[in-house]
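Colleague: I have not worked with this structure before. Could you take me through how to read it?

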Amino acid sequence: MKTSYPSQMSVVTRFAPSPTGRLHVGNLRTALHNWLFARRSGGRFLLRLDDTDRERSRADLVEAIRADLAWLGVKADAEHRQSQRFDRYDAALARLAAAGRAYPAYETAQELELKRKVQLGRGLPPVYDRAALGLTAEDRARLEAEGRRPHWRFRLDHDAPIEWEDLVRGRQHFEPRLLSDPVIRREDGTWLYMLPSTVDDIELGVTHVLRGEDHVTNTALQVQMFEALGATPPAFAHEALLVGSEGKLSKRLGSLGVEAMNEAGIEPIALAAKLARIGTSLPVEPVASLQPLVESFDFATFGRAPARFDMEELKALNARIVHGLPHQAVADRLPHGMSAADWEAIRPNLACVDEAAGWWDILHGHVEQNAPEEDREFLSRAAELAAAIDWSESPWTALASALKTATGRAGKSLFHPLRRALTGRDSGPEMAALLPLIGRDEAVARLRSAAGLS
RNA sequence: GGCCCCAUCGUCUAGCGGUCCAGGACGUCGCCCUUUCACGGCGAAAACACGGGUUCGAGUCCCGUUGGGGUCACCA
């Protein structure tokens, strides 16, 4: 079943990382999905930096995040920073407070921690008891006189069951009594995630919030915030998280980012192809561009169970993509002077583009090889024949058949010593393609050298 | 512990009561091509977690068990 997308309403999605760390595969997948969905529906994709935490946010990481997204091929249509929008959040809190939907609370972090422990100890859910709601004006004055400063909580409406139609999880239902009134502003006046995110989604016109399922309970809380602020909540889609190949949640996954991909020689399009379709019912297949991923994007294909991310599978996909890369797509990354013919000859044997460098010497440099005693005479004969055959047509076929006739060798015993002597390796691309590129003189020299003749 | 998801081949999944002795993709294995290894082409093996119901009939609906994931911060 295909999901039908709104045609009149213009879609606006957003990716909202906080610049406190580098992006990893999980983040990158969410960013990509938001971008793909926006492109698919002719909408806009926003990058919103959630940098309300001054201590932990770093400017260099903002740049790194942009670079990581660009590497993947994802570019934002607009960018916003929460650190420049504090006045909006002040205004929103003032409105909520005036409407009785936000209230000051004075417990310390330690006191709250203790309450939770007691509740948990009794087998009760650790939900905030709303003690601060019972504070009188005198109580508050006394606390402030003692030097206490309040943090602020959003007051959930216990009589309004929370519901939304999730684009990947279906109908969701939450009972507000079982949830804590979320703290929205710290004692020191700085903002927590909840309110700024809601305010921005409203004011920036976000129509679809696509994020990981670790946000579902946040969404339950935010649905009421949207309503308390007089806005209609956007559509929500919570995708299942990625887990490591071992099955359990993996620490390693959190450190798998663009840097690790570059180290492993993974092409951006390979990661994009993997990330776009992992956990969906669509096949993970080699693609040449992001376009097919845009066209096939569909929430209806998303699974609801966590999917395993396996680096080995990614490498295999990467290899298949490399095998199809045209010369002009990689020319600037190949050894200087490597021709299209060179590239096409070695390409089917590469796991990543970097490996091309290793083939440069084999094609146009030198190979030193000493063959085992039993092959020396054979190779010496090969050198003579290589010098004698016609190189204009298909020298490999000519050399092989002449050698077969002359020595009686066939199959592996015929080919393996030749491959080793000519390329220095046990495996590689088809010799018929390599030999003409190596050239007659160099081939003869290598065969003689391997035979111990020079 | 409460709440929310999930449970089909090794992996990601299709399946929305009969058309399923369960389909696809990746991986694995085999064959072909290549007078070698790879690439490529073709083909095969491979799964409904368990226990109760409901029903003429259950992978498909209900309950439970077990297992997996998420969340319950003055993180995001």
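**Cores and the RNA surface**

Modeller: In this predicted model, the largest nonpolar core holds 90 residues, and Leu32, Leu271, Phe309 and Trp343 have the most contacts inside it. Helix H1 (residues 25–40) gives the most to this core, namely eight residues. Apart from it lies another core, of 30 residues, including Ala92, Phe154, Ile162 and Val223.

Colleague: Why look for such cores?

Modeller: Because nonpolar side chains tend to be buried together in soluble globular proteins.

Colleague: Which residues does Trp343 touch, leaving out those up to four places away in sequence?

Modeller: Among them are Val322, Leu325, Pro326, His327, Leu350, Val353 and Ala356.

Colleague: Now the RNA. Which residues come nearest to RNA strand B?

Modeller: There are 61 residues around RNA strand B, and Arg56, Glu107, Arg116, Arg186 and Gly428 come nearest. The residues of this surface divide into 23 nonpolar, 19 polar and 19 charged. Elements that each supply at least two of them include helix H4 (109–121), strand S5 (151–154), helix H7 (216–228) and helix H17 (411–423).

Colleague: Which parts of RNA strand B do the atoms within 4 Å of the protein belong to?

Modeller: Of those atoms, 72% belong to sugar or phosphate, and the rest to bases.

Colleague: And how do I read single polar contacts?

Modeller: Take each pair of atoms in turn. A polar backbone atom of Glu107 is 2.3 Å from a base nitrogen of RNA strand B. For Tyr193, a backbone N or O atom lies 2.9 Å from a phosphate oxygen of the strand. A polar backbone atom of Pro126 is 3.3 Å from a sugar or linking oxygen of RNA strand B.

Note on methods. Residues are numbered from 1 along each chain as its sequence is written. Chains are lettered from A and ligands numbered from 1 in the order in which they are written. This is a predicted model: local features need pLDDT of at least 70, side-chain atom pairs count only at pLDDT 80 or more; totals for chains, interfaces and linings use all residues. Side-chain values use heavy atoms; hydrogens and water are left out. A residue is near a molecule or strand if one of its heavy atoms lies within 4 Å of it. A polar contact is a pair of N or O atoms within 3.5 Å; within protein, one must be able to donate a hydrogen and the other to accept it, and residues adjacent in sequence count only if both atoms are side-chain atoms. Helices (H or I, at least four residues) and strands (E, at least two) are DSSP runs, numbered from the N terminus. Ala, Val, Leu, Ile, Met, Phe, Trp, Tyr, Cys and Pro count as nonpolar, Asp, Glu, Lys and Arg as charged, and the others, Gly among them, as polar. A nonpolar core is a set of buried Ala, Val, Leu, Ile, Met, Phe, Trp, Tyr and Cys residues joined through side-chain atoms within 4.5 Å. Buried means under 20% relative accessible area, exposed over 50%, partly exposed in between (1.4 Å probe, protein chains only). Contact means heavy atoms within 4.5 Å.
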